[in-house]
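I opened a fresh notebook page for this one. Let me walk you through what I looked up, entry by entry.

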Amino acid sequence: MNRPGRKPRLAVWKFASCDGCQLSFLDCEDELLDIAGAVDIAYFPEAMRGPIRGTYDVSLVEGSITTAGDAKRIQRVRQRSRTLVTIGACATAGGIQALRNFADIDAFVNVVYASPEYIATLATSTAIADHVPVDFELRGCPINKVQLVEVISAFLCGRRPVTPAHSVCIECKLRGTVCVMVAHGTPCLGPVTHAGCGALCPGYNRGCYGCYGPKENTNLPALSGQLATLGMTRPERLRFYRSFNAGAAPFQEESQRHES
Amino acid sequence: MDDYNDTAVITSEGLQCLIEALLNRSYQVVGPQIRDQAIVYDTLTDIDQLPQGWSDEQDGGHYRLRPRADGAYFGYAVGPHSWKRFLYPPHQSLWQANKDGDRLYFKDERPDPPRFAFLGVRACELNAIAIQDRVFMGDAYSDPDYQARREGTFIVALNCSEAGGTCFCASMACGPEVKTGFDLALTELLNEGPHRFLVESGSPAGLEVMAELPRRNTTRADLQAAWAVVENTRRSMGRTMPDTDIPALLLDNLTHPRWDDVAQRCLSCANCTMVCPTCFCSTVEDSSDLAGTTAERHRRWDSCFTADFSYLHGGSVRQSTRSRYRQWMTHKLATWVEQFGSSGCVGCGRCITWCPVGIDLTEEVRAIHDTSPKGKGEAR
Ligand code: SF4
Ligand code: SF4
Ligand code: SF4
């Protein structure tokens, strides 16, 4: 490596999330030493202890904003970061916890916690981009470690990461997977879902669950029509759209259209 | 009649001998087989791997395998794969660059092309291969990898004995009878005698392979049976393309409301372009390693249905589904003629079957035709 100057400082931040995306980072076993060689991992609570100090060249942000405290903390993270990259469905769309956006949060708190009076939480779970400007969003629940390495490599070279926003269907066709919708009648979110997983589920004869959120230019109403033809009921379709990316606008709108 | 043109009759043992003769010539034999409830193309070594006793039911957005009682080896229509996977692979590494100090070293990353023998290439598919030949090696700027793969390929064609529910090769003048572009051509005969195949050679290489097969001479009855097979298929096409000047129709109707209508239904998922045996668009992607010492350029299939495809400085030119579908159809059926000398569609029906919402280009053309002030009344 013969890049001039000091190594870029990288930080990994956690908001409301399951830590799965951070674990994808640690899962980069083969590349981890190369990453550590290329950047100075200055803050990463899941992997090491270290104080927050100074500014960071790149911040990877996992998790959504669910508390007033986190809404303030993300502002400070943004101020300390030259480049801010959100990683995963929580950070880019609010995550599975965005199901609260469609329900009564107080009722949830009362059912779940023995002493609800100790719980201070917002009524919604929202994406990082709803609070601060985001430079790049890496999709997935969890993120794909190959794509994470790509984002870091691209950042180091100053190029745009190759994480195409087209459908999962394209990934099926590239790998030669037989379409589960057409050949088996299995409901699939692939035609409206952002690529990135390599068509993992259709590769195992399952429909896509939409882990990477909406692709660019979705047409959810047209897909709903086809899912109905395949025998999926209205409540089933509503639940199909409400999982890890329930808070992403096209999925949210289509699920709400299924409420009435 | 060319001096390499000959015919003979073989049985299923002869078919196995054919596969072996090709394997002995170190071809990778690729043919139809069942995987994940569909008939796909993959390498094979034995006739037992062929989808004997299976047919398919096809319609817009619908494909199901169906058993058949007659034991036919090739009693189905085309499936989700096309031969383009092999001649023009979905992913291809182009070159690698390594940095050593201040110097860059470039390395051609393309592997030696495999030599394929394709078994069971339909008339529509032969026409599709001929179209891609014109695209990739029709002028001074040829694609060297495509050309090497193509020139090394041995083609065993097949006269269709079964038209699928979405087939319309007859109305595109691309089938069901194979005419040129093969080394050997088979017609599977199930009537007027025992289960057998009529074999025809179409090249010196084909004639040489044919001479090694256990065979008998062709009778008038065999030829008549083979003719009847193709005629029967021609009469059972699942779809038809309107018989009109399609380039003029589409280019005269660029603002027709039908484009808005289809955009309401289309998912812009790109399945139609991926399965089309003539669609040839690709993009290049660059990658670099963490150390910043190795970079690679890579090619992969792309589609006019994506936003990135028409990205120019500052944004994508075709943002709407309407503009993407219209680009696809007007290129395929209209501007292709001017560019490459033929329609870009061979009537294989894959884009209809494998569209998750069953959009049918023959229907879209018909709708524009029937409601266009200029076209009305000319078709059918
Ligand atoms: S299986 Fe799903 S993702 Fe794959 S092509 Fe079919 S609809 Fe698209
Ligand atoms: S446009 Fe459709 S029917 Fe025509 S060749 Fe392509 S896939 Fe086949
Ligand atoms: S026509 Fe069908 S297959 Fe093609 S992009 Fe539209 S929905 Fe997808």
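**Entry 1: a salt bridge between chains**

I began with one pair of side chains, Arg324(B) and Glu216(A), which meet in a salt bridge with N to O at 2.9 Å. Keep in mind that I am reading a predicted model. I then asked how many salt bridges the rule finds across the interface of chain A and chain B. The count is 1 salt bridge.

For polar contacts across this interface, I noted 20 residue pairs, both residues being at pLDDT 80 or more. Next I looked up which elements of chain A give two or more residues to the side that touches chain B: they are helix H2 (29-38), helix H6 (145-157), H7, H8 and helix H10 (220-229). H6(A) gives the largest share of that side, 6 residues. Sorted by class, the side of chain A that touches chain B has 21 nonpolar, 11 polar and 10 charged residues.

**Entry 2: how much the two chains bury**

The size of an interface is often given as the accessible area lost when the parts come together. So I looked that up next. Chain A and chain B bury about 3400 Å² between them, and 54% of this is on carbon and sulfur atoms. Which residues of chain A lose the most area to chain B? I wrote down Lys173(A), Leu174(A) and Val182(A), which together make up 21% of what that side buries. In contacts, I found 42 residues of chain A touching 50 residues of chain B.

**Entry 3: ligand 1**

Lys173(A) came up again here, since the shell around ligand 1 includes Lys173(A) along with Cys169(A), Cys172(A), Cys179(A) and Cys188(A). Asn271(B) is also listed in this shell. The site is shared between chains, because residues from chains A and B surround ligand 1.

I checked the elements too. In chain A, helix H7 (168-175) and helix H8 (180-184) each supply at least two residues of the shell. H7(A) gives the largest share, 4 residues. By class, I noted 9 nonpolar, 2 polar and 1 charged residues around ligand 1.

**Entry 4: ligands 2 and 3**

Which residues come nearest to ligand 2? Of the 13 around this ligand, they are Cys276(B), Cys345(B), Cys348(B), Gly349(B) and Cys351(B). Helix H10 (321-340) and helix H11 (350-353) of chain B are the elements that give two or more residues to this shell. The shell around ligand 2 divides into 9 nonpolar, 2 polar and 2 charged residues.

Ligand 3 also has 13 residues around it, and Cys266(B), Leu267(B), Cys269(B), Cys272(B) and Cys355(B) come nearest. I looked for charged residues in the shell around ligand 3 and there are none, with 11 nonpolar and 2 polar residues making up the list.

**Entry 5: the two domains of chain A**

I turned to the domains. Chain A is divided into domain 1 (9-157) and domain 2 (168-257). Their centres, taken over C-alpha atoms, are 25 Å apart. I found 14 residues of domain 1 of chain A in contact with 17 residues of domain 2 of chain A. These two domains bury about 1200 Å² between them, with 58% on carbon and sulfur atoms. On the domain 1 side, Phe102(A), Arg139(A) and Cys141(A) supply 47% of the buried area, more than any other three residues.

How many salt bridges does the rule find between these domains? I noted 0. There are 5 residue pairs in polar contact, both at pLDDT 80 or more.

**Entry 6: the two domains of chain B**

Chain B is divided into domain 1 (7-235) and domain 2 (246-370). Here 42 residues of domain 1 touch 40 residues of domain 2, and the two domains of chain B bury about 3400 Å² between them. Lys84(B), Tyr88(B) and Phe168(B) supply 17% of the area on the domain 1 side, more than any other three residues.

I counted 2 salt bridges between these domains. I also looked up the pair Arg299(B) and Asp143(B), which form a salt bridge with their closest N and O atoms 2.7 Å apart. My last note is on polar contacts: the rule finds 34 residue pairs between the domains of chain B, both at pLDDT 80 or more.

Note on methods:
Residues numbered from 1 in each chain as written. Chains lettered and ligands numbered in written order. Predicted model: local features only at pLDDT ≥ 70, side-chain atom pairs only at ≥ 80, totals over all residues. Heavy atoms only, no water. Near = heavy atom within 4 Å. Nonpolar A, V, L, I, M, F, W, Y, C, P; charged D, E, K, R; others polar. Contact = heavy atoms within 4.5 Å. Buried area = accessible area lost by both parts, 1.4 Å probe. Salt bridge = Lys/Arg side-chain N within 4 Å of Asp/Glu carboxyl O. Polar contact = N/O pair within 3.5 Å; in protein donor to acceptor, adjacent residues only side chain to side chain. Domains from an automatic or database assignment.
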